[in-house]
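Work through the exercises below with the sequence and the model side by side. Try each task before reading its solution.

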Amino acid sequence: TGVIAMIDLLIKDLDKEMTEGTQQEKEDQADYETMMRESADKRAADSKALTEKGAARADMQAQKQAREEGKAASTKEHM
């Protein structure tokens, strides 16, 4: 009976470890999915910010060029 009790104890321990392992795997999968979703959101936000910064830079360059052209034309008129 001592051997059977030890085997029963081993079976219970194994069942407990399998249950804990399954639960940990579910939690890890949920964490992974959350991380992937947050990463995708961050990439989308970063891409949008980069696009907006590029457009702002292009606008500033166009304004600078217009001012330089206006200044050049004004300088030619005064000569």
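**Exercise 1: a nonpolar patch**

Val3, Ile7 and Ile11 make a nonpolar surface patch of about 280 Å². The model is a predicted one.

Task: Say where Val3 sits, and whether Val3 is buried or exposed.

Solution.
- Step 1. Find the element. Val3 is in helix 1, which covers residues 2-78.
- Step 2. Check the accessibility. The relative accessible area of Val3 is 59%.
- Step 3. Apply the cut-off. Exposed means over 50%. Val3 is therefore exposed.

**Exercise 2: a negative patch**

Task: Name the residues that form the negative surface patch, then place and classify Glu25.

Solution.
- Step 1. List the members. The patch is formed by Glu25, Glu27, Asp28 and Asp31.
- Step 2. Place Glu25. This residue lies in helix 1.
- Step 3. Classify Glu25. Its relative accessibility is 58%, so Glu25 counts as exposed.

**Exercise 3: overall form**

Task: Describe the secondary structure of the protein, and decide how its spread compares with that of a compact globule.

Solution.
- Step 1. Count the elements. The protein has one helix and zero strands.
- Step 2. Compare the radius of gyration with the rule. The value is 34 Å, whereas the globule rule gives 12 Å for 79 residues. The protein is well over that figure, so it is more spread out than a compact globule.
- Step 3. Look at the box. Along the principal axes, the C-alpha atoms fill roughly 115 × 15 × 5 Å.
- Step 4. Check burial. Buried means under 20% relative accessible area. Buried residues make up 0% of the 79 residues.
- Step 5. Add the surface. About 7500 Å² is exposed, and carbon and sulfur atoms supply 58% of that area.

**Exercise 4: charges and salt bridges**

Task: Count the charged side chains, then find the salt bridges and describe the partners.

Solution.
- Step 1. Count the charges. There are 13 positive and 18 negative side chains. The centres of the two sets lie 14 Å apart.
- Step 2. Recall the principle. Side chains of opposite charge can pair when their charged atoms come close.
- Step 3. Count the bridges. The structure holds two.
- Step 4. Take the pair Asp46 and Lys42. Their side chains form a salt bridge at 2.8 Å, N to O. The two residues are four apart in helix 1, so about one helical turn separates them. Asp46 is partly exposed at 40% relative accessibility. Lys42, at 52%, counts as exposed.
- Step 5. Take the pair Glu68 and Lys64. Their salt bridge has an N to O distance of 4.0 Å. Again the partners are four residues apart in helix 1, with about one helical turn between them. Glu68 is partly exposed at 45% relative accessibility. Lys64 is partly exposed, also at 45%.

**Exercise 5: sequence and space**

Task: Place and classify Met35, then state how far apart Met35 and Thr22 are in sequence and in space.

Solution.
- Step 1. Place Met35. This residue is found in helix 1.
- Step 2. Classify Met35. At 44% relative accessibility, Met35 counts as partly exposed.
- Step 3. Give the separation in sequence. Met35 and Thr22 are 13 residues apart.
- Step 4. Give the separation in space. From C-alpha to C-alpha, Met35 and Thr22 are 20 Å apart.

Terms used
Residues numbered from 1 in each chain as written. Predicted model: local features only at pLDDT ≥ 70, side-chain atom pairs only at ≥ 80, totals over all residues. Heavy atoms only, no water. Patch = residues over 30% accessible without salt bridge, like charges linked within 9 Å, V, L, I, M, F, W, Y side chains within 5 Å. Areas by Shrake-Rupley, 256 points an atom, 1.4 Å probe, with all protein chains shown as cover. Buried < 20%, exposed > 50% of the residue type's maximum accessible area, 1.4 Å probe, protein only. Lys, Arg positive; Asp, Glu negative; His and termini not counted. Charge placed at Lys NZ, Arg CZ, Asp CG, Glu CD. Rg over C-alpha atoms; globule rule 2.2 N^0.38 Å.
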